[in-house]
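Hi,

Here's the structure I promised to pass on. Have a look at it first, and then read on for what turned up.

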Amino acid sequence: MEESTLSLPTGNWPTLKPGWVWLCGAGPGDPGLMTVHAINALRQADVIVYDALVAPEILEWAHPDAEKIYAGKRGGKPSAKQADISLQLVDLAKAGKRVLRLKGGDPFVFGRGGEEAQTLIQHGVNVRIVPGISAGIGGLAYAGIPVTHRDVNQAVTFVTGHDQTGEVTKTLDWDALSRASGVLVIYMGMKHAPAIRDGLLGAGRSVDEPVAIVSQATTPDQKVLETTLGTMLDDIANTEMGPPAIICVGRSVLMRQVLDWQALERGEAPRNLDPLGRGKPAEERN
Ligand code: SAH
């Protein structure tokens, strides 16, 4: 294969060797959120096995000779079977290819990356793991929502509303989740938004609890819905929020009133410089 034209900052970057699989996160969408290690992998890979959530622009950076294999969901159809994807990676590696497995966000956050890596290692394939920016952190940051804030929460909980085996919102211990965590970040939650709302209200969270829904976060189509537990279902019904979307529950959502940096970039004024009502400048603690 000819040299890739994609350049890297000066440094001693690792070589993707034949027979190896690098399992890399691609971040939530904006190609600028790829890591240097992931870009280094794109430069070298013979084969790229990618998910639905990997932005098309990122794939355009691949070596022109690289084979690109799609392994994900499309149009709501069931995804390629996990076992098939994992074994395909094994086969590609055993055929001596330099394999990049590229997954949306972080490969180890609700992405089955752990299973794929385990299968590879069980089959004696060498693996490198490259973390990525997860949608539940980076996607919310693009919406101006910090997942932790000293005046709001000492813990944040990442929750999945759904997995390939079906709905998990009924089996989640909403009382425990609600008690333990001021802020909940829910992946794959839109389909089961009613169950999520009921679970949290049943656990004693208030109807006024702030909720944000961020869809297609970090992409040019990003949409943010600011709502509350009480009104979220109506608001979702009245807003076109396409998948994928993250649901964030908790008072850190209020911080968007001051931290919506994309609105500031568009020339809008901050809506509220003190949305948590501290009554003093942020730099003054006690
Ligand atoms: N490994 C990924 C998560 C995969 S699960 C990560 O770390 O981000 C898929 C879910 O992630 C989606 O249903 C959605 O809840 C969330 N998600 C991924 N990309 C997103 C984006 N750009 N905007 C909003 N949510 C996103």
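Before the ligand site, one convention: Ala, Val, Leu, Ile, Met, Phe, Trp, Tyr, Cys and Pro count as nonpolar, Asp, Glu, Lys and Arg as charged, and everything else, Gly included, as polar. Counted that way, the shell around the ligand has 12 nonpolar, 9 polar and 2 charged residues. Keep in mind that this is a predicted model.

Now for the site itself. There are 23 residues around the ligand, and the ones that come nearest are Gly105, Gly111, Ser134, Ala135 and Ala217. Three elements supply at least two shell residues each: helix H5 (135–142), strand S10 (210–215) and strand S12 (245–249).

Where does the ligand shell lie relative to the domains? Domain 1 (20–133) and domain 2 (136–265) both contribute residues to the shell, so it lies between them.

On the domains: the chain is divided into domain 1 (20–133) and domain 2 (136–265), and their C-alpha centres are 27 Å apart. Their contact involves 11 residues from domain 1 and 13 residues from domain 2. On the domain 1 side that touches domain 2, you'll find 7 nonpolar, 3 polar and 1 charged.

Next, the sheet that holds S10 and S12. It is an open sheet of 5 strands in the order S6-S9-S12-S10-S11, with mixed pairing. Strand S6 (156–160) and strand S11 (223–228) sit at the edges with a single partner strand each, so one side of each has no neighbour in the sheet. Neighbouring strands here are turned by 20° against each other on average, direction ignored.

S12 deserves a closer look. On one flank, strand S9 (residues 183–187) runs antiparallel to S12 and is joined to it by 3 bridges; valine 185 has cysteine 248 of S12 as its bridge partner. S10 is also antiparallel to S12, with 5 bridges joining the two, and valine 211 stands opposite valine 249 in S12.

Is S12 enclosed or open to the outside? All told, 5 of the 5 residues of S12 are buried, so this strand is largely enclosed by the rest of the structure. In a regular strand the side chains alternate between the two faces of the sheet. For S12, Ala245, Ile247 and Val249 are on one side, Ile246 and Cys248 are on the other, and all are buried, so both faces are covered.

Further along the sheet, S10 and S11 pair in the antiparallel sense over 6 bridges, with valine 214 opposite valine 224 in S11. H5, one of the elements that supply the ligand shell, packs on this sheet as well: H5 touches S6, S9, S10 and S12, and its direction makes about 80° with that of S12.

There is another open sheet, with 5 strands in the order S3-S2-S4-S1-S5 and parallel pairing. Strand S3 (67–70) and strand S5 (126–130) are its edges, each with a single partner strand, so one side of each is left without a neighbour in the sheet. Its neighbouring strands are turned by 20° on average, direction ignored. Strand S1 (residues 20–25) runs parallel to S5, joined by 5 bridges, and cysteine 24 stands opposite valine 130 in S5.

Two helices lie across these strands. Helix H1 (residues 36–44) crosses S1, strand S4 (99–103) and S5, at about 135° to S1. Helix H3 (residues 82–94) lies across S1, strand S2 (47–50) and S4, running at about 155° to S4.

Cheers

Note on methods
Residues numbered from 1 in each chain as written. Predicted model: local features only at pLDDT ≥ 70, side-chain atom pairs only at ≥ 80, totals over all residues. Near = placed C-beta within 6 Å. Helix = DSSP H or I, 4+ residues; strand = E, 2+ residues; numbered from the N terminus. Domains from an automatic or database assignment. Contact = placed C-beta atoms within 7 Å. Buried ≥ 20, exposed ≤ 12 C-beta atoms within 10 Å, placed from the backbone. Pairing = 2+ DSSP bridges. Axes fitted to C-alpha atoms, helices over the stretch in contact; angles between N-to-C directions.
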